Number of protein chains: 2
Amino acid sequence: MEAVNMKKKDPKIVVAVDESDESMYALSWCLANLISQTSTSNLVLLYVKPSPPVYSSLDAARYMFSTDVIVALEKYGSDMVNTVMRRAEAICRKSTTKINVERIVGSGDAKDEICNIVGKIKADTLVMGCHDYGFFKRAILGSVSDHCAKHVKCPVVIVKHPKQI
Amino acid sequence: MEAVNMKKKDPKIVVAVDESDESMYALSWCLANLISQTSTSNLVLLYVKPSPPVYSSLDAARYMFSTDVIVALEKYGSDMVNTVMRRAEAICRKSTTKINVERIVGSGDAKDEICNIVGKIKADTLVMGCHDYGFFKRAILGSVSDHCAKHVKCPVVIVKHPKQI
């Protein structure tokens with residue numbers, strides 16, 4: 001249990017990113033407080049986009065989604081991935097420490113996909129922003145950070161944006 | 001939001017400790033991963049003991065607690081504080097980084113008291129172990145880490161003990 005044994009040489013830290021300021025703030029906090037000053041860290045930027053069945057279920061509900069609309073939605077999804085990842089990578093480039101940055105893009109329900117990927121790649125730490133949804137939105141969407149804190153096996157850091165404070 | 005602006009010179013990190021291996025593991029993780037190698041950190045060991053009204057309510061339920069028993073329970077509580085704090089301080093002494101260690105002992109409901117104290121002393125980060133209570137105990141006791149992750153304003157780190165994995 002000694003501290004000296006718990007310091008990994010090249011830890012793998014996953015930061016769950018999305019289009020929110022909260023997730024970018026969590027990334028900045030991670031770079032400033034969790035990335036070792038003395039060794040190289042592996043930082044994984046993880047983005048989860050909604051899976052295609054989301055569009056199909058809307059379609060089945062007679063929202064009249066033509067192929068064009070589905071293609072447009074998929075393009076929007078890909079554009080969003082790139083926008084979020086570029087924003088996150090720009091923040092990483094400002095860090096003065098040595099980090100290897102890797103992108104992982106998942107697809108499906110964010111809560112489950114984050115837990116799956118964190119387990120699959122054997123991450124050492126998961127860092128997440130915290131969305132202050134309020135009662136109704138939380139009741140419908142559930143809290144991604146609550147779910148992940150319960151289900152992933154590695155330490156989880158939940159970072160709140162100062163605007164929530 | 002830049003990382004460089006989020007690094008505090010002498011951060012105040014609170015680790016919630018109790019008699020469990022989980023909390024000591026969380027402390028070790030904190031020392032190995034969150035304490036800066038390049039500046040002095042202020043580490044607060046926070047222990048919350050049950051408040052005296054717990055004994056009174058048992059007494060009111062006709063458990064026939066004499067003054068002797070209450071004194072013995074209070075002595076047990078104080079002994080527990082010292083045992084936990086000494087164990088935690090022994091772990092801190094093994095750390096090779098510069099840290100100022102401070103003890104804070106609260107009294108009352110652990111969930112609320114941790115949130116109160118973290119807010120009052122303006123902690124920069126809260127680190128907690130995670131008890132794997134199982135369904136029934138969780139339903140009765142609630143999860144301290146869940147509650148604190150929701151209610152404190154600073155980043156919260158929830159560390160699971162490997163035996164839960």
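The chat below goes through how chain A and chain B meet in a predicted model.

Trainee: Before we start, what are the ground rules here?
Mentor: This is a predicted model, in which local features need pLDDT of at least 70 and side-chain atom pairs count only at pLDDT 80 or more, while totals for chains, interfaces and linings use all residues. Residues are numbered from 1 along each chain as its sequence is written, chains are lettered from A and ligands numbered from 1 in the order in which they are written, and side-chain values use heavy atoms, with hydrogens and water left out.

Trainee: What rotation puts chain A on chain B?
Mentor: A rotation of 180° with 0.0 Å of shift along its axis does so, with RMSD 0.0 Å (a least-squares fit on the C-alpha atoms of residues with pLDDT of at least 70 in both copies). The two copies are thus related as by a two-fold rotation axis.

Trainee: And which residue of chain A comes closest to the rotation axis?
Mentor: That is A:Val157, whose C-alpha lies at 2.2 Å from the axis.

Trainee: OK, the interface: how many residues does the contact take from each chain?
Mentor: Chain A gives 35 residues and chain B gives 35 residues, where contact means heavy atoms within 4.5 Å. Because 100% of the interface residues of chain A are also interface residues in chain B, the copies meet through the same surface.

Trainee: How many salt bridges are there across the interface?
Mentor: The rule finds two between chain A and chain B, taking a side-chain nitrogen of Lys or Arg within 4 Å of a carboxyl oxygen of Asp or Glu. One of them joins B:Lys150 and A:Asp146, at 3.2 Å from N to O.
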